[in-house]
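Okay, thanks everyone for squeezing in. I'll keep this short, so please have a look at the sequence and the structure while I talk.

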Amino acid sequence: MSLKFCQGPDCHTYTTQDRLKGTKPNKTYQTRRRSSFYYGNGNFCDQRCMYNWFQKFGDRAIDHFGRVTEVKHLTEQNAWTKNYNYNGYRNLPDVYYYLNTITKEQRPLTEEQYNNDNYTLNTGE
Ligand SMILES: [Zn+2]
């Protein structure tokens, strides 16, 4: 099992007991390592480290991937959202459906379509 390193740039500067590693007299506070993390797609040990990363690199990341420079509009063409009703407590299959949040129209959806990130009824951003 490989360990992941917290990507927080200042993770090692927080003096918690779990960060104190090594053998005396060479103990140091170190970047957290875990098999998995809960924050930021599994890259950060906590919200503070995630926020520190964004403080330091967020602007560059946004500029790299494309900064929003004009308003976007929610229209009938891009208002389809995937939903499901959980019926497990009644021993019935879950019901998956598309809902247009502008027109309120609903259309049935298979579980495969629901789980397929590439499947969409939206025709615009
Ligand atoms: Zn961290």
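Let's start with the cysteines. Cys 45 counts as buried, because its relative accessibility is 9%, and buried here means under 20%. Cys 49 is buried as well, at 0% relative accessibility. How many disulfides are there in the whole structure? A search turns up 0. And before anyone gets attached to the details, remember that this is a predicted model.

Right, on to the charges. The structure holds 6 salt bridges, and I'll walk you through a few of them.

One of them joins the side chains of Arg 32 and Asp 18, at 2.7 Å from N to O. What does that pair tie together? Well, Arg 32 sits in the loop between β3 and β4, while Asp 18 sits in the loop between β1 and β2, so the contact links parts that are 14 residues apart in sequence. Is Arg 32 buried or exposed? Arg 32 counts as buried, at 15% relative accessibility. Its partner Asp 18 is at 33%, so we call that one partly exposed. The two also belong to a network of salt bridges, in which Asp 18, Arg 32, Arg 34 and Asp 46 are linked.

Next, Arg 67 pairs up with Asp 63 in a salt bridge, and the closest N and O atoms there are 2.8 Å apart. Arg 67 has 41% relative accessibility, so it's partly exposed.

Then there's Glu 105 with Arg 107, whose side chains meet in a salt bridge at 2.7 Å, N to O. Glu 105 is partly exposed at 34%, and Arg 107 is partly exposed too, at 36%.

Now, Arg 107 takes us to the strands, as β7 covers residues 106-109. β7 pairs with β6 in the antiparallel sense, over 4 bridges. Tyr 97 stands opposite Pro 108 in β7. The hairpin of β6 and β7 has 5 residues between the strands, and Lys 104 takes a positive phi there, near 70°.

On the β5 side, strand β5 covers residues 80-85 and runs antiparallel to β6, residues 95-100, with 6 bridges joining them. Trp 80 stands opposite Asn 100 in β6.

Last stop, the tyrosines. Which residues make up the nonpolar patch on the surface? Tyr 84, Tyr 86 and Tyr 89 do, with about 390 Å² of accessible area together. Tyr 86 lies in the loop between β5 and β6.

That's it from me, happy to take questions.

Notes. Residues are numbered from 1 along each chain as its sequence is written. This is a predicted model: local features need pLDDT of at least 70, side-chain atom pairs count only at pLDDT 80 or more; totals for chains, interfaces and linings use all residues. Side-chain values use heavy atoms; hydrogens and water are left out. Two strands pair if DSSP finds at least two bridges between them. Helices (H or I, at least four residues) and strands (E, at least two) are DSSP runs, numbered from the N terminus. Patches are made of residues with over 30% relative accessible area and no salt bridge: like charges are joined within 9 Å, nonpolar side chains (Val, Leu, Ile, Met, Phe, Trp, Tyr) within 5 Å. Accessible areas come from the Shrake-Rupley method with a 1.4 Å probe; for residues, only the protein chains shown count as cover. A salt bridge is a side-chain nitrogen of Lys or Arg within 4 Å of a carboxyl oxygen of Asp or Glu. A disulfide is a pair of cysteine sulfur atoms within 2.5 Å. Buried means under 20% relative accessible area, exposed over 50%, partly exposed in between (1.4 Å probe, protein chains only).
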